[in-house]
There are 2 protein chains.
Amino acid sequence: MSKTTKRDLLLNSALTLFSEQGIHSTSTASIAKHAGVANGTLFHHFENKHSLVSSLYIASKQQLASALVLSDDLLSQSLKQQVEALWHLALNWAVSHPRQLTFFQQVATENFLPQALRIKAMKTELSILEMMITVGQAQKIIVEYPLDLLLDHCQSQMIASGLFFINNPSLIAIDDYRDNAFNLFWRAIAIDA
Amino acid sequence: MSKTTKRDLLLNSALTLFSEQGIHSTSTASIAKHAGVANGTLFHHFENKHSLVSSLYIASKQQLASALVLSDDLLSQSLKQQVEALWHLALNWAVSHPRQLTFFQQVATENFLPQALRIKAMKTELSILEMMITVGQAQKIIVEYPLDLLLDHCQSQMIASGLFFINNPSLIAIDDYRDNAFNLFWRAIAIDA
DNA sequence: GTCTATAGCTGGATAGAC
DNA sequence: GTCTATCCAGCTATAGAC
C-alpha cells in the first residue's frame, strides 16, 4: 500500500511516546530519535511541536470517526440494537487503539491544543449519539433528562469503559465483562430496562 | 486560625498553575513568582519538583477523604440513601474544589508520580464504596456484576459528573440537574430502579 | 527562613551543506 | 528531503549572603 514516509514514522513515534510519557514531557528530539530520523527533519515536516500534535490529533479523530459507521442493515433494527452496535464499535476501536485513546485524554487534560479545535472535533463525534438519544426520547425508550447532561454522560461512559479494558487487557476476551459494561451504560439511560 | 506560611502559599500557587497549565508545563520559577516568594525558598521547603507535587497530591487526597465521611444518623437509613448521601458529598466537594479535581486528572494522565503512590491513594478512597456495593449485592439491590468493573464504573462516573458541573457552573444550582446526574448513576447499578 | 545570583543542562527551533 | 551543527531561551537546582 502507501509507503511509510518519514512523516508517518514521526507521527507514529510521537503517538507512542506521548501515550507513554505525556505530551509536554516528550521532547521533539526524542521523537526524531525514536523514529530514526534527524532532528531537523521533524521541523521540515511540521512547523513546530504544536503543529505536530494537532496533525496527530486530527488524523486520529478521523480514524475514530471512520470506525463508527453503522452498517446499513442495522438501520432497520431497534434503537437499542443500534445503540449497542455503536457502543461495541467504539469499544472495539478503543481496545485496539489504546495509544490513541490515552492521547485523547492527554490532549484534554494537558491543555496542549486550543479548546476550539477540541470542541469542534467533539461536536461532529457526538452528532450520531445526539440523534439516537433524541429519537430514543421521542419513542419513550430513553429518559428525558437534558440533552447536554446525557451527551456528556454517554461520552465519558464510553471513554471510561475503553480505558478500563485497556488497563485490564485480560478481561477483554470475557464476553460477560463486555456485556455487563454495555448493560451499565444502557441501564442508566433506558426507561424500563 | 493557623497562619499562612510561605510553604502553604507555594502549595496553593502550585495547585492553581498546575490546574491551568498542567504539571510538566508549569515551572518552579513561575510557582515561586505567583506565590510572591523567591525561587530558592521553594527548594528550601521542597527537595525538588517531584516532592512538591507529591506533597500537594497527598494533602489534596486527605482533604477529599475527610470530606467523604457519612454522618452517624445516616447509618440507620437505607443503602440507597447512604449511597446518595456519599454521592452528593463527593459532588459537592468536587464543585467546590475544581482545581484539585483537575489536578488529580493531571497526575493520572501525565504520569508524574509513581503508580504505586496513586494506587495506594485510590484503594483507601474506594474502600467505602466497595463496602456499600458488597452490602447492596447481598441485599439484591445492586446488580451482581464483577466488583472491579463496578468500582471502576462508579469512580469514573463520579469524576465525570464532577467535571461536567465544573465545566457548566451555571447548572450546579439547578436541583433537577443534580438529581438527574445521581439518577444516571444509580439506575445503572440498581436492580429494579 | 528567605533572599539574590548563577551554574549547568535540556528543549525547541534554525542555518546551511548535501 | 534529509542531514549535522548549533543558537538561545528557559528550566531545575545550588551556593552563599543576610
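Me: How does α5(A) pass α7(A), in a left-handed or right-handed crossing?
Reply: It's a left-handed crossing, the term for a near helix turned anticlockwise from the far one by less than a right angle, with clockwise being right-handed. The helices are DSSP runs of H or I with at least four residues (strands are E runs of at least two), numbered from the N terminus.

Me: And what am I looking at, before we go on?
Reply: This is a predicted model, where local features need pLDDT of at least 70, side-chain atom pairs count only at pLDDT 80 or more, and totals for chains, interfaces and linings use all residues. Residues are numbered from 1 along each chain as its sequence is written, chains are lettered from A and ligands numbered from 1 in the order in which they are written, and side-chain values use heavy atoms, leaving out hydrogens and water.

Me: OK, back to helices. At what angle do the axes of α5 and α7 of chain A cross?
Reply: Roughly 155 degrees, with the axes of α5 (residues 79-96) and α7 (residues 115-138) coming within 11 Å. Axes here are lines fitted to C-alpha atoms, for helices over the stretch in contact, and angles run from 0 to 180 degrees between N-to-C directions. So α5(A) is roughly antiparallel to α7(A); the labels are roughly parallel under 35 degrees, roughly antiparallel over 145, roughly perpendicular from 65 to 115, and oblique for the rest.

Me: Which residues in α5(A) meet α7(A)?
Reply: Leu79(A), Gln82(A), Val83(A) and Leu86(A) do, and they touch Leu129(A), Met132(A), Val135(A) and Gly136(A). Contact is heavy atoms within 4.5 Å. By class, that's six nonpolar, two polar and no charged residues. Nonpolar covers Ala, Val, Leu, Ile, Met, Phe, Trp, Tyr, Cys and Pro; charged is Asp, Glu, Lys and Arg; the others, Gly among them, are polar.

Me: What about α6 and α8 of chain A, how do their axes cross?
Reply: α6 (residues 98-109) and α8 (residues 147-167) cross at roughly 130 degrees, and their axes come within 11 Å. They are therefore oblique to each other. Residues meeting there include Leu101(A) from α6(A) and Ile159(A) from α8(A).

Me: Switching to DNA. How many residues surround DNA strand D?
Reply: 15, and the closest are Ala38(A), Thr41(A), His45(A), Thr28(B) and Lys49(B). Near means a residue has a heavy atom within 4 Å of the strand.

Me: Which helix gives the largest share of that surface near DNA strand D?
Reply: α3(A), with four residues. By class, the surface has four nonpolar, nine polar and two charged residues.

Me: Do they touch sugar or phosphate, or bases? What's the split for DNA strand D?
Reply: Of the strand's atoms within 4 Å of the protein, 75% belong to sugar or phosphate and the rest to bases. One phosphate oxygen is 2.7 Å from an N or O atom in the side chain of Thr41(A), and one is 2.5 Å from a polar backbone atom of Thr28(B).

Me: And DNA strand C, which residues come nearest?
Reply: Of the 16 residues around it, Thr28(A), Lys49(A), Ala38(B), Thr41(B) and His45(B). Here 69% of the strand's atoms within 4 Å of the protein are sugar or phosphate.

Me: Where does the most of the surface near DNA strand C come from?
Reply: From α3(B), with four residues. In that region, a phosphate oxygen of strand C is 2.7 Å from an N or O atom in the side chain of His45(B).

Conventions:
Polar contact = N/O pair within 3.5 Å; in protein donor to acceptor, adjacent residues only side chain to side chain.
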